[in-house]
Amino acid sequence: MTTQTLPAPALPRRLAAIIYDALLVLPLVMVCVAAGLGIRQLLGSAADSLLPATLVQTIAVFSCIGFFGSFWLKSGQTLGMQAWRIKLVAMPGNELTFGRVVTRCVSALLSALCLGLGYWWCIFDRRKRCWHDYLSGTELVLLPKKPKKEKASKRPKEPKK
């Protein structure tokens with residue numbers, strides 16, 4: 001089956017993958033912010049032990065883009081997407097590039113900031129695409145289940161002599 005013939009995942013499956021990935025990306029953001037705070041301390045700004053809010057937000061955005069971008073460019077799947085059998089692919093005629101990945105990250109944030117309307121859109125779209133799918137030239141596909149491995153034969157083992 002090619003990725004063009006695979007179905008798109010439904011919204012609940014997408015949201016489950018998002019929650020899974022959020023549990024992974026939040027600690028990464030915290031570590032990156034802590035590193036930024038440590039660098040600030042080393043540079044001699046110990047008088048003010050807080051980072052400006054805009055710097056924290058910038059670190060968070062770049063951490064998220066780095067997390068999702070590295071996974072998507074490598075295999076098209078984050079860990080949450082692997083667990084829920086979802087894969088990011090470029091729309092037909094396009095290629096999955098760094099620019100598309102960054103565009104997808106930024107436009108997914110915009111989809112969420114509009115009260116999630118960009119995500120809810122996939123319920124009404126005939127191809128189950130969200131706003132950020134269209135804006136980035138990418139789409140999500142639902143991968144088929146892997147066949148289960150056959151269990152070892154049930155005949156009893158012969159005792160060793």
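1. Asp133 and Arg104 are both buried. In this predicted model, their side chains meet in a salt bridge, with N and O 2.5 Å apart. The pair links distant parts of the chain, since Asp133 belongs to helix H6 and Arg104 to helix H4, 29 residues apart. As general background, side chains of opposite charge can pair when their charged atoms come close.

2. Asp133 also takes part in a salt bridge with Arg14, where the closest N and O atoms are 3.4 Å apart. Here too distant parts of the chain are linked: Arg14 is in helix H1 and Asp133 in helix H6, with their positions 119 residues apart in the numbering. Both Arg14 and Asp133 are buried. Taken together, Arg14, Arg104 and Asp133 are linked in a network of salt bridges.

3. Arg104 deserves a separate comment. The residue is found in helix H4. Its relative accessibility is 4%, and because buried means under 20%, Arg104 counts as buried. With neighbours within four places in sequence left aside, Arg104 is in contact with Trp72, Leu88, His132, Asp133, Ser136, Thr138 and Leu140. The contact list of Arg104 thus includes Asp133, its partner in the 2.5 Å salt bridge, and Ser136, which is treated next.

4. Ser136 lies in helix H6, which spans residues 131-136. Ser136 has a relative accessibility of 2% and therefore counts as buried. The side chain of Ser136 makes a polar contact with the side chain of Thr138, at 2.6 Å. Not counting residues up to four places away in sequence, Ser136 touches Arg100, Thr103 and Arg104. Thr138 is itself among the residues in contact with Arg104.

5. How many salt bridges does the model contain? The count comes to 3. Besides the two that involve Asp133, there is a salt bridge between the side chains of Arg129 and Glu139, at 2.7 Å from N to O. Arg129 lies in the loop between helix H5 (117-124) and H6, and Glu139 in strand E2 (residues 138-142), so the pair ties together parts that are 10 residues apart in sequence. Arg129 has a relative accessible area of 4% and is therefore buried. Glu139 is buried as well, with a relative accessible area of 11%.

6. A further topic is the largest pocket. Its volume is about 680 Å³. The pocket is lined by 27 residues, of which Ile18, Phe68, Cys105, Ala108 and Tyr119 are the closest to its centre.

7. Which helices each supply at least two residues of the lining of the largest pocket? They are helix H1 (11-42), helix H2 (53-75) and helix H4 (98-113). The largest share, 8 residues, comes from H1. Two of these helices also carry members of the salt-bridge network: Arg14 is in helix H1 and Arg104 in helix H4.

8. By class, the lining of the largest pocket comprises 22 nonpolar, 2 polar and 3 charged residues.

Notes
Residues are numbered from 1 along each chain as its sequence is written. This is a predicted model: local features need pLDDT of at least 70, side-chain atom pairs count only at pLDDT 80 or more; totals for chains, interfaces and linings use all residues. Side-chain values use heavy atoms; hydrogens and water are left out. Helices (H or I, at least four residues) and strands (E, at least two) are DSSP runs, numbered from the N terminus. Buried means under 20% relative accessible area, exposed over 50%, partly exposed in between (1.4 Å probe, protein chains only). A polar contact is a pair of N or O atoms within 3.5 Å; within protein, one must be able to donate a hydrogen and the other to accept it, and residues adjacent in sequence count only if both atoms are side-chain atoms. Contact means heavy atoms within 4.5 Å. On a 1 Å grid over the protein atoms alone, a cavity is a set of points where a 1.4 Å probe fits but cannot get out, and a pocket is an open set with protein on both sides within 12 Å along at least five of seven lines; lining residues have an atom within 4 Å of a point. Grid points are joined across faces, edges and corners, and a volume is the space filled by probe spheres set on the points. Ala, Val, Leu, Ile, Met, Phe, Trp, Tyr, Cys and Pro count as nonpolar, Asp, Glu, Lys and Arg as charged, and the others, Gly among them, as polar. A salt bridge is a side-chain nitrogen of Lys or Arg within 4 Å of a carboxyl oxygen of Asp or Glu.
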